[in-house]
Amino acid sequence: MMPLVFADKGAAVKIKRINGAPDIRRHLGNLGFVEDGDVTVVSENNGNLIVNVKETRVAISREMATRIVVE
């Protein structure tokens, strides 16, 4: 398992855990980042990511991406 920020571009990975305070986990959940959900990294710029989650492209900061643990 690793933080989402280390996932390879184009690789589909499965979310295993979301770390952080309850409000941060809730915010990420509202964006579609839920345990056992699939996410694909589309691009990366200075650590910030654009990802496909639930058939939607979402931009997240490096800080948020480190809280999402994937496999």
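**Entry 1: elements**

I counted the elements first and found two helices and six strands in the chain. Helices here are DSSP runs of H or I with at least four residues, strands are E runs with at least two, and both are numbered from the N terminus. The model is predicted, so I noted its limits: local features need pLDDT of at least 70, side-chain atom pairs count only at pLDDT 80 or more, and totals for chains, interfaces and linings use all residues. Residues are numbered from 1 along each chain as its sequence is written, and side-chain values use heavy atoms, with hydrogens and water left out. Reading from the N terminus, I get the order β-β-α-β-β-β-α-β.

**Entry 2: overall dimensions**

I looked up the extent of the C-alpha trace, which spans about 30 × 25 × 25 Å along its principal axes. The radius of gyration of the chain is 10 Å, which agrees with the value near 11 Å for a compact globule with 71 residues. That radius is taken over C-alpha atoms, and the globule rule is 2.2 Å times the number of residues to the power 0.38.

I then checked the surface. The chain exposes about 4,300 Å², of which carbon and sulfur atoms supply 46%. These areas come from the Shrake-Rupley method with a 1.4 Å probe; for residues, only the protein chains shown count as cover. Of the 71 residues, 34% are buried. Buried means under 20% relative accessible area, exposed means over 50%, and partly exposed lies in between (1.4 Å probe, protein chains only).

**Entry 3: the sheet**

In what order do the six strands stand in the sheet? I read 1-6-2-3-4-5, in an open sheet with antiparallel pairing. Two strands pair if DSSP finds at least two bridges between them. Strand 1 (2-3) and strand 5 (56-60) are at the edges; each has a single partner strand, so one side of each is left without a neighbour in the sheet.

I went through several pairings in turn.

- Strand 2 (residues 12-18) and strand 6 are antiparallel and share three bridges. Ile 18 is placed opposite Ile 68 in strand 6.
- Strand 2 is also joined to strand 3 by three bridges, again antiparallel. Val 13 has Val 39 of strand 3 as its bridge partner.
- Strand 3 (residues 38-45) and strand 4 (residues 48-53) are joined by six bridges. Asn 45 faces Asn 48 of strand 4 across this pairing.
- Strand 4 and strand 5 run antiparallel with five bridges. Ile 50 is opposite Ala 59 in strand 5.

The hairpin of strand 4 and strand 5 has two residues between the strands, and in this hairpin Lys 54 has a positive phi near 50 degrees.

**Entry 4: the core**

Which residues have the most contacts inside the largest nonpolar core? I noted Leu 4, Phe 33, Val 39, Val 51, Ile 60 and Ile 68, in a core of 19 residues. At least two residues of this core come from each of strand 2, helix 1 (22-31), strand 3, strand 4, strand 5 and strand 6. A nonpolar core is a set of buried Ala, Val, Leu, Ile, Met, Phe, Trp, Tyr and Cys residues joined through side-chain atoms within 4.5 Å.

I followed Phe 33 further. Apart from its neighbours within four places in sequence, Phe 33 is in contact (heavy atoms within 4.5 Å) with Leu 4, Ile 15, Ile 18, Leu 28, Val 39, Val 51, Val 53, Val 58, Ile 60 and Ile 68. Across the chain, 55% of the contacts with a separation of 6 or more are between residues 24 or more positions apart.

**Entry 5: salt bridges**

How many salt bridges are there? I found four, taking a salt bridge as a side-chain nitrogen of Lys or Arg within 4 Å of a carboxyl oxygen of Asp or Glu.

Asp 38 and Lys 14 form one, at 3.2 Å from N to O. This pair links strand 3 to strand 2, with the two positions 24 residues apart in numbering. Asp 38 is partly exposed at 49% relative accessibility, and Lys 14 is partly exposed at 30%.

Asp 36 pairs with Lys 16, the closest N and O atoms being 3.9 Å apart. Asp 36 is in the loop between helix 1 and strand 3 and Lys 16 is in strand 2, so the pair ties together parts 20 residues apart in sequence. Asp 36 is exposed at 51%, whereas Lys 16 is partly exposed at 28%. Lys 16, Asp 36 and Glu 71 are joined into one network by salt bridges that share partners.

Glu 63 and Arg 67 also meet in a salt bridge, at 3.2 Å from N to O. Both are in helix 2 (residues 62-67), four residues apart, a separation of about one helical turn.
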